[in-house]
Amino acid sequence: MPEEDLVELKFRIYDGSDIGPFRYSPASTVAMVKEKIVTEWPKDKKIVPKGANDVKLINAGKVLENNKTVGQCRVPFGELPRGVITMHAVVQPSLAKAKTEKKVDEAPRKSICSCSIL
C-alpha cells in the first residue's frame, strides 16, 4: 500500500497527553486500533484500560464502532493531506465491574422508627 494512503492518528487521553501518532491502513478496523492503544497506553497513569473493550474512541463528537474501518471514520472536512487526525480515547470500565461495585455500595439499611404518644 502506498504510504500516502495511510491515515495518521493520535489519541488524546483524559489528562491531555497524547498517544501516538501511528499510521494505519484505511482498511484497519476500530477494534484493531483500540488493541494498539491498550498496548501503547502509558503505565504510569492512574486510569489504565484492562482491554480494548474498556476504550471508547471519539472522533468529531461520535463514538466509533468496533466493526467500522478507519477509512469509514474519517470526517470529510477533516481530511487534510498529510494531516494528523486527533481522536479522544476514553476509558470506560466494563459494565460487570460497575454493577458489582454498585451492589457493594447498596448495603441493606436498617430502618429504625421510634414513636412517642403522649
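Biologist: In which strand does Val91 lie?

Modeller: This is a predicted model, where local features need pLDDT of at least 70, side-chain atom pairs count only at pLDDT 80 or more, and totals for chains, interfaces and linings use all residues. Residues are numbered from 1 along each chain as its sequence is written, and side-chain values use heavy atoms, without hydrogens and water. Strands here are DSSP runs of E, at least two residues, and helices are runs of H or I, at least four, numbered from the N terminus. Residues 84–91 form one such strand, and Val91 lies in it: β5.

Biologist: Which residues does Val91 touch, not counting those up to four places away in sequence?

Modeller: Contact means heavy atoms within 4.5 Å. On that basis Val91 touches Trp41, Ile47, Pro49 and Asp54.

Biologist: Which element gives the most to the largest nonpolar core?

Modeller: A nonpolar core joins buried Ala, Val, Leu, Ile, Met, Phe, Trp, Tyr and Cys residues through side-chain atoms within 4.5 Å. Buried means under 20% relative accessible area, with a 1.4 Å probe and protein chains only; exposed is over 50%, partly exposed in between. The largest core has 20 residues, and Leu9, Phe11 and Leu57 have the most contacts inside it. With four residues, the top contributor is α1.

Biologist: Which elements give two or more residues to the lining of the largest cavity?

Modeller: On a 1 Å grid over the protein atoms alone, a cavity is a set of points where a 1.4 Å probe fits but cannot get out; lining residues have an atom within 4 Å of a point. Leu9, Val30, Val33, Leu57, Leu64, Val70, Cys73 and Met87 line the largest cavity. Two or more of the lining residues come from each of α1 and α2.

Biologist: What kind of aromatic pair do Phe11 and Tyr24 form?

Modeller: Rings of Phe, Tyr and Trp (its six-membered ring) pair if their centres lie within 6.5 Å; planes under 30 degrees apart count as stacked, over 60 as edge-to-face and the rest as tilted. Phe11 and Tyr24 are 6.5 Å apart centre to centre, with 70 degrees between the planes, so the pair is edge-to-face.

Biologist: Which residues do ring pairs link into a cluster?

Modeller: The structure holds two aromatic pairs. One is Phe11 with Tyr24, and Phe22 also pairs with Tyr24. Phe22 and Tyr24 are both buried. The cluster is Phe11, Phe22 and Tyr24.

Conventions:
On a 1 Å grid over the protein atoms alone, a cavity is a set of points where a 1.4 Å probe fits but cannot get out, and a pocket is an open set with protein on both sides within 12 Å along at least five of seven lines; lining residues have an atom within 4 Å of a point.
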